[in-house]
Amino acid sequence: MTDHPRRVARALLSVSDKTGLIDFARALAERGIDLVSTGGTAKAIAAAGLKVKDVSDLTGFPEMMDGRVKTLHPNVHGGLLAIRDNAEHARAMAEHGIAPIDLLVVNLYPFEATVDKGASEDDCIENIDIGGPAMIRAAAKNHGDVAVVVEPSDYSAVLDELKAHNGATTLALRKRLAAKAYARTAAYDAAISNWFAGQLKIDAPDFRAFGGRLIQALRYGENPHQHAAFYRAPDKRPGVATARQLQGKELSYNNINDTDAAYEAVAEFNPARSAACVIVKHANPCGVAEGADLAAAYRKALACDSTSAYGGIIAFNRTLDAAAADAVAGIFTEVIIAPDATDEAIAIIGKRKNLRLLLAGGLPDPRAAGLTAKTVAGGLLVQSRDAAVVDDMTLRTVTDRAPTEAELNDMRFAFRVAKHVKSNTIVYAKDLATVGIGAGQMSRVDSARIAARKAEDAARELKLAAPLTKGSVVASDAFFPFADGLLVAIEAGATAVIQPGGSMRDDEVIEAANAHGIAMVFTGTRHFKH
């Protein structure tokens, strides 16, 4: 492909997002570039006093079928696809009266935004752009001659090139714009295909694609030798991707991953019922608690494992207030995320310049449907989000002793937390606070031991006479395959157990619980998290 500038003599503009359109069109016109446009875009340009030719004058056909057919014509696509240095292409253009189009400016019908606002199926379908993607792909394919712009943020780059190269664009810019154009149409089609799969309730479509818009290029990934970037998906789920960062350094890959884990976990706790705090380190909760207010919840969560909380992520389920901000200021923290914050809290956090404060604008719905994806060698694993909530489960008592009301409250709390801890998971809880968490072990009995050991360490730190696991409840994210893990929990002081059940040895586990006077309930729902 010849690497030399291509002069822009004619531009076709057709945009749904008219941000910066008039200034851009005026700058093109001042360079003597002929403007061709469609529908509302043409009207907006003409209303600004600029000379513009309607695309129907180019094609010889009026827009028809409610605008569905306007640019799907050889005079448009020939002008975009013709290779300027190809003699046969030049003869065809001359024979059929096709004028070249050197610059295409198109942004697509707002399909994603239409779906996001809960529009009807008919409205969503009407916002599936056909002519736009066709033109974008044509121009991008012929980037040796044609520049294609798919979002207003690239207007300035095009104008800078035209100024620097006497009204021409370089191959380097055209190639970069083409790459973005294909990525945009791919993300657009991914959103449409996933919407159709959802409408048709197809859990495993023959093809699955995901797309996203760059939020920021990251310094590195999990480790300094890895490249990374953060993208926003069409799913407008409140969280780190939607949050407004008020202060602090740029978020890292690990910050984002941990903040997401913390905020998804704290969303399990209804803010109308109680204040809640989740502290996360390396994607696992190291302390979770409910309290009368955020400060009380934070102090209870911190007591579970203050050592691991150092340099962690803190998530709150209510508006961050001054008392909670003051409490958090006592320990080094990487990120705080909350739905909102008071001016007083913002001022307090503002004194710690390196502490990132994120305001998400709301809480994600733990019951909402959605998809998660994970790459494996040569493939992609896709599943529905774990939207199971313990409040919706029927808890079946399987032991001689039924749990007390206080135990039941702690059991539900512990099972909420277990959903967000890496498997194998054991969570000890007492008075709506975690008192020991065992995460990510190859055997469940080891998770039970680690959680109990964590409680012992916390007791020494807090100068308590005994670990808080004494009189606690314990939650397991999956069934106990043997009674050994349960026996470790009982030895640690647990008096009640919540677990999914379903083991071949359930009878053995139930018998061990009965032998020690332990209450146990089955949820029937597993919460593996890998």
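This report covers a sheet, a hairpin, a buried helix, a buried histidine, a pocket and a cavity in a predicted model.

## The six-stranded sheet

Six strands form an open sheet with mixed pairing. Their order is β10-β15-β14-β13-β11-β12. The edges are held by β10 (244–247) and β12 (284–291). Each has a single partner strand, so one side of each is left without a neighbour in the sheet. From one strand to the next, the twist averages 20°.

Inside this order, β14 (residues 333–338) and β15 (residues 356–359) run parallel. They are joined by 4 bridges. One residue pair to look at is I336 and its bridge partner in β15, L357.

## Helices across the sheet

Helix α12 (residues 294–304) lies across β11 (275–281), β12 and β13 (312–316). Its direction is at about 140° to β12.

Helix α15 (residues 343–350) lies across another set of strands: β10, β14 and β15. The angle between α15 and β10 is about 55°.

## The β19–β20 hairpin

Strands β19 (residues 426–429) and β20 pair in the antiparallel sense, over 4 bridges. Together they form a hairpin, with 4 residues between the strands. In the turn, D431 has a positive phi of about 55°. Across the pair, V427 stands opposite I437 in β20.

Strand β20 (residues 434–438) has 5 of its 5 residues buried, so the strand is largely enclosed by the rest of the structure.

## The enclosed helix α8

Helix α8 (residues 131–141) is also largely enclosed by the rest of the structure, because 8 of its 11 residues are buried. Those buried residues are G131, G132, P133, M135, I136, A138, A139 and A140.

What covers them is a mix of strands and helices. The cover includes β2 (10–15), β5 (103–107) and β6 (147–149) among the strands. It also includes the helices α4 (74–81) and α10.

## A buried histidine

H527 is found in the segment after β23 (519–522). Its relative accessible area is 1%, under the 20% limit, so H527 counts as buried.

Leaving out residues up to four places away in sequence, H527 touches D386, A388, M393, F415, A418, K419, S423 and D477.

## The second largest pocket

The second largest pocket has a volume of about 800 Å³. Its lining has 23 residues. Nearest the centre of this pocket lie E112, E151, R184, G212 and R213. By type, the lining divides into 11 nonpolar, 4 polar and 8 charged residues.

Four elements give two or more residues each to this lining: α6 (111–116), α10 (171–199), β8 (213–217) and β9 (229–232). Helix α10 gives the most, with 4 residues. Helix α10 is also part of what covers the buried residues of α8.

## The cavity

A search of the whole structure finds 1 cavity of 30 Å³ or more. The largest cavity holds about 30 Å³ of space. Its lining is made up of A303, C304, V435, A455, A458, A459, L462, L464 and L468. These residues divide into 9 nonpolar, no polar and no charged.

Helices α12 and α17 (444–462) each supply at least two of the lining residues. The most come from α17, which gives 4. Helix α12 is the helix that lies across β11, β12 and β13.

Definitions and conventions:
Residues numbered from 1 in each chain as written. Predicted model: local features only at pLDDT ≥ 70, side-chain atom pairs only at ≥ 80, totals over all residues. Heavy atoms only, no water. 1 Å grid on protein atoms, 1.4 Å probe; cavity = no way out; pocket = protein on both sides within 12 Å on 5 of 7 lines; lining within 4 Å. Points joined across faces, edges and corners; volume = space filled by probe spheres on them. Nonpolar A, V, L, I, M, F, W, Y, C, P; charged D, E, K, R; others polar. Buried < 20%, exposed > 50% of the residue type's maximum accessible area, 1.4 Å probe, protein only. Pairing = 2+ DSSP bridges. Contact = heavy atoms within 4.5 Å. Axes fitted to C-alpha atoms, helices over the stretch in contact; angles between N-to-C directions.
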